[in-house]
Amino acid sequence: MKRRSFISGMMTGAAGLSAAPAAWAMGEKQDMSEYGVHEKCKSVIPDLAGMSLKAMRDFHLDDLWNSYMPNWDGTIRVDKKYGGFMPYLKDDGTHRDTIKRMYYQGRGIWVFSYLYNHFGKEERFLKAAKKGIDFIIKHCRDENGYWLSEVTREGEYLRPSENIYGDIYVAMALGEYYAATGDEKMKYLAIETAHGVAKRVVDPYYMHLGGHGAGNEPGTMRLGTWQHFLSALTPLSRQTDDYGVKKIARMCVRNILERHWQPDLGVAFEHLDHQFRPFRADPIDGHRRISGWHSVQAAWMVMDDTLRTGNKHNFLQAMEMGRMSLEKCWYDDGAEAGLTGIASPEAKPTLPSGGKTAWGALDDAMVFTLLAIEHTNAPWAYEWYEKVFKTSTARQDRQIREGLLHHPRRLFFASNIIDHMIARGGRVSDFLTS
């Protein structure tokens, strides 16, 4: 793949660090080894959406290097002067604003650390990540050790640590940066950040302020919180082998599968009350809503964590949750198609008020179906992967290529997963039999 020049003139950094630990890849065991080939199942995964495994892997790599990365090459999205990231530009090429939101700083550090760890260890990626790390450590921690939600371009305080997702992405970023550098300070800061998130989200007064909406009444439990947190805890568990982090990850898995997921209804409620019970029907609060996007994300995130822990039962539960979420929350009126939400378990999927489905949801649906194919070879997973992939690629103009999570994460993880398939000669993994 052609790799275009990137972030010219970046300052040097990340020198003199100790040897880094091995970098985990999507779907590996706790010790970062890969699953083998299923001995009894002789079927072979021949293709994906009409493309050979190698062609599909190369499709994702081409998208990464020649469509996604040029959005960062030579642009002002990476702040070379102060450090950090400002991903969204106006049509004239200037910033929409210069506020630095922790929501994007953590994601940006993670993206460039992951690029360094898994795509050639190119110094320019590590330099970009280090600029982000240096900025947030210098300017963005409060007196409790939490991460400020917003600062100015220069690092001046704007908003306190109220959007918990910013802290979650910083934990994910610090873990990936630790894997890149071996810097023990980053390891322990990642663990400390994870515990800081856990302390707040289990507090009875926690209200989800500033994340996925204005907030909720105290004690409300949200699927989105557990799944986003788990997406940081699973790799951090592999990277640090920290007992506390692994137990917090276990809590998130249990909350998703044993509480939010309602197998008798075939849905995962986005909101539960303070005792983890579904809310009663209420025309005002909308607390019986099901987010197809969050449900499918939660499914693959649990599946990845169970591949780490070896919990086959939870893997199959999560896979069923994702399958049912696709079945119930897929919208297609002939003109617009995609993964959306439903107002209640009995409702049909509807278009959001803007008239379009969220295109980033398709990235997560592809990660989910690829994991299901890799480890089960289930026919329904093939069918859904083809439907989602073709829906996404038919409108590539809607893919959020300046974003710092869903689209690059799909390009990263799909490449990881398909590489595993290729290494096994297309055979199903031995996870469910090992």
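This is a short dialogue on reading a core, a cavity, a sheet and one glycine in a predicted model.

Colleague: What should be known about the model before reading it?

Modeller: The model is predicted, so local features need pLDDT of at least 70 and side-chain atom pairs count only at pLDDT 80 or more, while totals for chains, interfaces and linings use all residues. Residues are numbered from 1 along each chain as its sequence is written, and side-chain values use heavy atoms, with hydrogens and water left out.

Colleague: Which residues have the most contacts inside the largest nonpolar core?

Modeller: A nonpolar core is a set of buried Ala, Val, Leu, Ile, Met, Phe, Trp, Tyr and Cys residues joined through side-chain atoms within 4.5 Å. Buried means under 20% relative accessible area, exposed over 50%, and partly exposed in between (1.4 Å probe, protein chains only). Here the largest such core has 124 residues, and Leu48, Phe112 and Leu115 have the most contacts inside it. Helix α4 (residues 164–181) gives the most to this core, with 11 residues. Helices (H or I, at least four residues) and strands (E, at least two) are DSSP runs, numbered from the N terminus.

Colleague: How many cavities of 30 Å³ or more does the structure hold?

Modeller: Rolling a probe the size of a water molecule over the atoms shows where empty space is left. On a 1 Å grid over the protein atoms alone, a cavity is a set of points where a 1.4 Å probe fits but cannot get out; lining residues have an atom within 4 Å of a point. Grid points are joined across faces, edges and corners, and a volume is the space filled by probe spheres set on the points. The structure holds two cavities of that size, and the largest has a volume of about 80 Å³. Of its 13 lining residues, Ser231, Pro235, Trp300, Asp304 and Phe413 are the closest to its centre. Helix α6 gives the most to this lining, with four residues.

Colleague: In what order do the strands of the open sheet lie?

Modeller: Strands of a sheet pair through backbone hydrogen bonds, either parallel or antiparallel. Two strands pair if DSSP finds at least two bridges between them. The three strands here run in the order β3-β4-β5, with antiparallel pairing. At the edges, β3 (100–101) and β5 (157–159) each pair on one side only. Arg101 stands opposite Glu150 in β4.

Colleague: Is Gly292 buried or exposed?

Modeller: Gly292, in helix α8, counts as buried because its relative accessibility is 0%. Leaving aside residues up to four places away in sequence, Gly292 touches Cys329, Leu339, Thr340 and Gly341, where contact means heavy atoms within 4.5 Å.

Notes. On a 1 Å grid over the protein atoms alone, a cavity is a set of points where a 1.4 Å probe fits but cannot get out, and a pocket is an open set with protein on both sides within 12 Å along at least five of seven lines; lining residues have an atom within 4 Å of a point.
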